[in-house]
Amino acid sequence: MSQRSRLIRLLACLFLLVSCVGTGILAQSSAKKQVGAVGLDQDFAAAVKAWTTRPEFSSPLVDHLPKVDGIPSPKDVLGHHIGEPKKLTYYADILKYYRALAAATPRVKVLPIGKSNEGRELVVVFVGSDETIRNLETYRRYLAQLADPRTISADEAKEVIAKARPIYHLSGGLHSGEVGPSEMLMELTYRIATEDSPLIKQIRDNVIVSITPVADPDGRDRNVDWYYKYGINETETRRTGAGVPYWGKYVFHDDNRDINYSQIEMRALLDWYLQWHPPIMHDLHQSQTLLYTFSGQAPQNPNLDPILYAELPMMANFEMAQMSKYGMPGVWTHGYVDMWSPGYLAFMSSNHNGMIRMYEIQGFSGANTQKIRLGSGSRGGNQPDAAAITAGRSNQSEREWFRPWPATGEFDWSLRNNTNYAETGVLTALQYTSAFSRVILENFYQKSRNSIITGLKEVVSGYVIPSGQRDMTRVARMVNLLRMQGIEVGTATSEVKLKEGTFPAGSFIVKRDQPYARLAKILLEKQVYPDANLRTYDDASWTMGLMSHADVREIEDKAILDVKADPVAQVRPTGTVTGAGPIFAVAHYGSNNMITLRMRLRDQKVQAAEKEFKQGEKVFPAGSFVISGDAAKIRAAVQSLGLAAVGLEAAPSVPLHDLDLPRVAVYSTWGSTQDVGWVRFAFDQFEVPYDLIYKERVRQGNLRSAYDVIVVPNQAGSAKALVFDIESRATPIAYKKSEQFKNLGMYGESDDITGGMGVDGVAEFDRFVKAGGVLVTLGTASYFPAEFGLAPRIDSSRTTPQFYSPGAIVDAEILQPSHPIFYGYDRKMIPVRYANGPLLTVRTDDNPFEPPPGPPRTPDNVLMRFPGGDDHILSGLMRGAGEIRSRPAIIDQPSGKGRVIFFATNPCYRWQNFGEFNMLFNTLLNFDDLDAGKRAETSTAVP
Ligand SMILES: [Zn+2]
């Protein structure tokens, strides 16, 4: 640390001492309780100094804390200052602290916003001046007016801007292993409520700070349990060797990729957002050295406002300059996360004309002080990121134009260092926001206005989602997802005639003259990736219509803006039952609700038609259900699921097979549970019962006696990793519930999560298949049966390093349209998402030296293949698309009495590719009749 920064710190401390004792805090006499200044918390200053491993890892903003009679500091409630080594706080205690603080000062308010998956209360905490917190509702209304410029005139906007305050939203604990920020935010709240330095007063008077203390509280508690059970005893040479198997109920990091807000915690925050409109949302993560501040680098989504792209680096650079001034090394921007995918949580702000912000702060998943070794060749950080290295992202200890002062060498890093960096950064961001509060509000208003104006000027004027599509349940889901994000959708009151075509009354209309028109365009358009040489941090494509296999028309005709449409609150497709007969035929148009219908009618006789049939004018495609039994129950189920049934007098004259209820298991490794979580989530949503099984159950054997279908979701990345999973250690690593650790052992228990299923497990899977079971492998899990010989004729390989597909939507060609897996699909070419699944091949008996004449034969068991090549990329980026040319996308390979269904794609990707879910569901529904298509082709007989 330099003499200069020591001097700065000394002066700052002296100043604070004077100001706190002298004036400020006594002035809070209007507080709920009588409080008074005692001065600085000497105990805090000494502790923090001791826990900060080097003087330069702190700043004059955070090396002190006021002590105020009647207002509890974190230590008063938690028993320790923030950042004490080996101390992490459970969520209940975090809430307890905020509630105690809110009870003691009018400057803090706690607002409940919902419940987590495991029932924990979700809250937003507000902190500001007495006046702003007392009049929060007024300030909420100001921002709502600026968010929708149609509600006020330009002159009124000026008045509102003069009176309003920006809400700056901070969020910690989205990723449960990134523990520091949720601790820090408690201290920050206390500091903003109590400190009377000029900076904090300026913040309090000009900004309303809102806080998500822990975005995933279930995961927080599980990770804290894991830390106290294992992490706390770790040393540099003795590591546990495995992380906790779960954070939230379903997902790990993907709560920050949940573009459709499927997870209840993310949805609660979105609902809150649309009420409160914070112009800035800032997520606090941990992974980079020492603090990375997001600046919105390329590739950038061109739909977002140019103002935003200027604001982002401006704030990041201000933080970098200020923190350098305080003498803190290792603060940098650029060179990490880009501005392409709109699915990160805080994008809810920029997608709605606000500003997303993000930090990555040096930290660990626990609270131990650990050694960091930087220097040439070392990336630093605690999470080596191979993708980042191959992406050519630079060494974090190297100087770059965007990292003028890297951290170097060897040093200890403590939780308090993490707190110091995060809190200094955030206070600096708040300093900027308070200094430019009016500019930020003007920009927010202008971005909202521009969204409407751009919509009027640009070529694309809106979207029509025609009514009368075969399956309206997926259309309804899509419209509801748009509505969930605040996008205005209407239903046309009469037939719509536009340059692009004529659409029936009731069609859904999305106009671009609305504040959230940018977001509508981002979600509905095809992604045209700006530069194939640029890598992106997450998905390259997300086009909703393609993902849902639903028809969405881009409209240029300006007349769409004048189409009369009734606003849609939420679409509830009501099913219909016509005809009076006792046998109900339900057309299979690809609705994912078909499997739900089967499950709700588990006690009824449900069959599938193996061929198309007609009833009057109505065509029932192959796969349609034929149901008999309790008519009232059947009608109710069909109606509530938005399906269409006809009551027939007699069963149709086509071959039928019983849709027996499958006994389903979903297999998960202990080391890679997230993509399994997405499949579990989909199964739970569509009411598909299943057992979640691990190596423990597999090794017990007799899988066939318990299950008909085992689904192995995308996981582990390779066959070897799927089989051997977490490397065994000298001592077992248990994941079990106990009196002390109540959050462990959820969603499965294990005495030792290491070692994987091993070859014994492989043998059990093989026995399962040979004995008649159906093994379904998704995405990278399809390496497993190929490489371990469960289906000897199938081989798998990988794309070359030149291939790059961060999630593209591409064409897939259905080769065996009569196979039950394709019930409900009416096209030969369908859009599928493909990233990095295996390249599959089927060995044939053809003599390679004497190939049969004509083009290469595709074996019958290849159900679907990729045409490949650039012409078949529908959205997003796939570099080297020729590599998947003619490769199988789905294979149905018999083996013994059973079969393996290989998906090279992931038909259950996050909560997104709804058009593909049906292939997985059809596999489950028709598990013991997967040859029905062949039967239907060869037989003409009528039963
Ligand atoms: Zn994170």
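Is Asn702 buried or exposed? I shall return to that residue after introducing the model.

Colleagues, the structure before you is a predicted model, in which local features need pLDDT of at least 70 and side-chain atom pairs count only at pLDDT 80 or more, while totals for chains, interfaces and linings use all residues. Residues are numbered from 1 along each chain as its sequence is written, and side-chain values use heavy atoms, with hydrogens and water left out.

To the opening question, then. Asn702 counts as exposed, because its relative accessibility is 58%; the classes are buried for under 20% relative accessible area, exposed for over 50% and partly exposed in between, with a 1.4 Å probe and protein chains only. Asn702 sits in the loop between helix H23 (695-700) and helix H24 (703-706). Helices (H or I, at least four residues) and strands (E, at least two) are DSSP runs numbered from the N terminus. Although Asn702 is not a glycine, its phi is positive, at about 55°. Most residues other than glycine have a negative phi, and most peptide bonds are trans.

Arg910 has a positive phi too, near 45°, and is likewise a residue other than glycine. Its setting is the loop between strand S41 (898-903) and helix H28 (914-925). Arg910 is buried, with a relative accessible area of 9%.

Let me turn to the zinc ion. Its coordination comes from His175 through ND1, from Glu178 through OE, listed twice, and from His285 through ND1, at 2.0 to 2.5 Å. Donors here are N, O and S atoms within 2.8 Å of the metal (3.2 Å for Na, K and Ca), and water is not among the atoms, so sites may look incomplete. Along the chain the donors follow the spacing H-x2-E-x106-H. Both His175 and Glu178 are buried.

Why is the arrangement of the four donor atoms classed as irregular? The angles they subtend around the zinc ion run from 56 to 151°, which makes the arrangement irregular. By the criteria used, four donors count as tetrahedral if all angles lie between 85 and 135 degrees; four count as square planar and six as octahedral if opposite donors are over 155 degrees apart and all others between 65 and 115; anything else is irregular.

Next, the main sheet. Eight strands form an open sheet with mixed pairing, in the order S3-S4-S6-S5-S7-S12-S8-S10; two strands pair if DSSP finds at least two bridges between them. Strand S3 (108-115) and strand S10 (331-333) are at the edges, each with a single partner strand, so one side of each has no neighbour in the sheet. From one strand to the next, the twist averages 20°, where axes are lines fitted to C-alpha atoms, for helices over the stretch in contact, and angles run from 0 to 180 degrees between N-to-C directions. Strand S8 (residues 291-293) runs parallel to S10 and is joined to it by three bridges. Leu291 stands opposite Val331 in S10.

Where does the cis bond from Thr289 lead? It leads to Leu290, with omega near -15°, and Leu290 belongs to the loop between strand S7 (280-286) and S8. A further cis peptide bond joins Ala298 and Pro299, with omega about -5°; Pro299 is placed in strand S9 (residues 297-300).

Helix H6 (residues 136-147) offers a check of geometry. At 1.5 Å a residue, its 12 residues should span 16 Å, and the end C-alpha atoms are 16 Å apart, which agrees; the expected span is 1.5 Å times one less than the number of residues. The buried residues of H6 are Leu136, Tyr139, Arg140, Tyr142, Leu143, Leu146 and Ala147. Seen down the axis of H6, these fall within an arc of 160°, so they line one face of the helix; the arc is that of the directions from the helix axis to the C-beta atoms.

Finally, two strands further along. In strand S19 (residues 508-511), Phe508 and Val510 point one way and Ile509 and Lys511 the other, and all are buried. Strand S15 (residues 462-465) is antiparallel to S19, with four bridges between them, and Tyr463 stands opposite Val510. In strand S34 (residues 794-797), Ile794 and Ser796 point to one face and are buried, whereas Asp795 and Ser797 point to the other and are not. Four bridges join S34 to strand S37 (residues 839-842) in antiparallel fashion, and the bridge partner of Ser796 in S37 is Leu840.
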